[in-house]
Amino acid sequence: MTITLTDREKSVLRTAAYGAVSLMAAAAGSPGKAAAQGSLSLTTATGPVGHVLAGKTKDIRLDGTSVAELADRVLPALTEAVSLLRRAPEEAGDFRRTVSVAVDAAAAHRGEPGPAAAEMARKINEALDAGTADRERPELQKIIQEIVDSGLTGVTLRVNDERGEWVGAAGLSELGGDTPPPVDGHIRIGSNTKTFTAVVVLKLVAEGTVGLDAPVAGYLPEFDLDRRITVRMLLQHTSGIFNFTGEYYDDGTFAPGIPATPAGKEWVDNRFHTYRPEELVRLALSKPARFEPGTDWSYANTNYVLARLLIEKVTGRPVAEEMQRLVLGPLGLSGTVQPSSATDIPEPHAHAYYRYEEDGRPQTVDVTRHNPSWISSGGDMISTSRDLATFISALAGGRLLPADLLAEMCTPESKAGYGLGVFVQPVPGGGTVITHNGGMAGHAALMYSTPDGGTTLTATLNYVDDAAMSMGAAFQEATQRLVAEVFGNGQAGPAR
């Protein structure tokens, strides 16, 4: 469905869109280049909204004498703009995503946003959400409440589909509190990091810097790797290398690695220790391989730490810089960071917890702050549900990789359905989704998209983790319920 806009409605859209970029630029204290950077992002919109935004930009004059006056004009326009587009939800969703990317691009021009810019970004997102507040999705709200009732502390959900964008939250941001988790909050995304890392490697393949089927030993000779292990095998978990966070074997036995979360109190006591990625790789290589390279599949964080070292070796730059150059910057993902060993997480965020026993008594510790170098590029990144939606939609929709490499990425191996940094999974009722989920120490994130990038589901979860991973069943149930509802016509039973 498309709509015809009146001249007044076109003016509202322009004021809302270009005003939001100008407002962010003013709050960041850099109205010139920052506003131009964001305005450039607006011109990528498609459909009737895209034509409106690409049409006339020079006649927009937002000359408020202060940021506050500018906000008084722009924020109501944002709410009205999304509301008027409710007649065509796909246009409303496109408008919201476009403005979000443009605002992020303006903020990213200044690097780390200051308090004023961060607050203004929050208000802009609130205005965008307010425009669709009355579009109820009771079936989605019911599921996330059931997920909380099953034992998780809090859940936020963001869905973009043919009905537009819906965001919701259930549960608590922190134990003992009374506020829900922030829908625009930051979360440690765990193994979703692998998808981001795989994209960086494949971008380097596209640039001709790395060979997808070249031996990893040729790039990292210092580790004396089996020369049969290729870059593709790292990204697809078919190298056979031992998992440095510990290996679970088919007979039920567990071979420990470093003191990771299965280590209980040892991990809690060690959670601010800094590990060098080379140290993690050498520990893994000191253990027996699980199988001959290329003969089987086994999920191992070691593969992606080697991918990180490969990126840094061939570019001569830290992985975080390459991530910014190749992924975060082009998509304007200002809410996403790769902290490496930094312990803090940006505000706002829900809290993560870890439970262990000491002298026979259970202890619960807030582990929101910790040093993620223990997981490295196997899962150290921080993001938001909004950024994850932008990322997975852009990736699946062909806006990050050449078509041939995207096809390689989304071609799964036969055992687990794993491609190169993504799972390719069937959904109830037919079809597939491109996905990767991740959990680490009381935080988790879900990330799903249709193969064309048109429908996405992203979610954040905060909970009490423990060595027994007792929330694992609830986590799996959560994903199944949500995927069935959004992608499979609701073909799922009630949460248990």
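**Close-up 1. Strand 6 (residues 353-358) and strand 7 run antiparallel and are joined by six bridges.** Welcome to the first stop in this predicted model. To follow the pairing at the level of single residues, start at R355, whose bridge partner in strand 7 is T364. These strands belong to an open sheet of three strands with the order 7-6-14 and mixed pairing. Which strands sit at the edges? They are strand 7 (361-366) and strand 14 (464-466), each of which pairs on one side only. From one strand to the next, the twist averages 35 degrees.

**Close-up 2. Strand 12 (residues 443-449) is mostly covered, with seven of its seven residues buried.** Let's look at each face in turn. On one side you will find H443, A445, M447 and S449, and on the other A444, L446 and Y448; both faces are covered, and all of these residues are buried. Strand 12 also pairs with strand 10 (residues 432-435) in the antiparallel sense, over two bridges. In that pairing, I434 stands opposite S449 of strand 12.

**Close-up 3. Strand 11 (residues 438-440) and strand 12 form a hairpin with two residues between them.** Three bridges join these antiparallel strands. One pair to pick out is M440 with its bridge partner H443 in strand 12. Which residue in the turn has a positive phi? Look for A441, where phi is about 55 degrees.

**Close-up 4. Strand 12 also forms a hairpin with strand 13, this time with six residues between the strands.** Strand 13 covers residues 456-462 and pairs with strand 12 in the antiparallel sense over seven bridges. Across this pairing, A445 stands opposite T460 of strand 13. Try to spot G453 in the hairpin: this glycine takes a positive phi near 80 degrees.

**Close-up 5. Helix 11 (residues 277-285) and helix 12 (residues 301-315) cross at roughly 135 degrees, with axes that come within 10 Å.** Helix 11 is therefore oblique to helix 12. The crossing of the two helices is left-handed. From helix 11, the residues P277, E278, V281 and A284 meet T302, V305, L306, R308 and L309 of helix 12. What kinds of residues make up this contact? Six are nonpolar, one is polar and two are charged.

**Close-up 6. R308 lies in helix 12.** Is R308 buried or exposed? Its relative accessibility is 10%, and buried means under 20%, so R308 counts as buried. Leaving out residues up to four places away in sequence, R308 touches P277, V319, S340, S376 and S377. You have already met P277 in the previous view, as one of the residues of helix 11 that meet helix 12.

**Close-up 7. Helix 8 (residues 192-206) and helix 14 (residues 385-396) cross at roughly 45 degrees, and their axes come within 12 Å.** This angle makes helix 8 oblique to helix 14. Helix 8 passes helix 14 in a left-handed crossing. To see who makes the contact, look for T195, F196 and V199 on helix 8, and for L388, F391 and L395 on helix 14. The residues of this contact divide into five nonpolar, one polar and no charged.

Notes. Residues are numbered from 1 along each chain as its sequence is written. This is a predicted model: local features need pLDDT of at least 70, side-chain atom pairs count only at pLDDT 80 or more; totals for chains, interfaces and linings use all residues. Side-chain values use heavy atoms; hydrogens and water are left out. Axes are lines fitted to C-alpha atoms, for helices over the stretch in contact, and angles run from 0 to 180 degrees between N-to-C directions. Helices (H or I, at least four residues) and strands (E, at least two) are DSSP runs, numbered from the N terminus. Angles under 35 degrees count as roughly parallel, over 145 as roughly antiparallel, 65 to 115 as roughly perpendicular and the rest as oblique. A crossing is left-handed if the near helix is turned anticlockwise from the far one by less than a right angle, and right-handed if clockwise. Contact means heavy atoms within 4.5 Å. Ala, Val, Leu, Ile, Met, Phe, Trp, Tyr, Cys and Pro count as nonpolar, Asp, Glu, Lys and Arg as charged, and the others, Gly among them, as polar. Two strands pair if DSSP finds at least two bridges between them. Buried means under 20% relative accessible area, exposed over 50%, partly exposed in between (1.4 Å probe, protein chains only).
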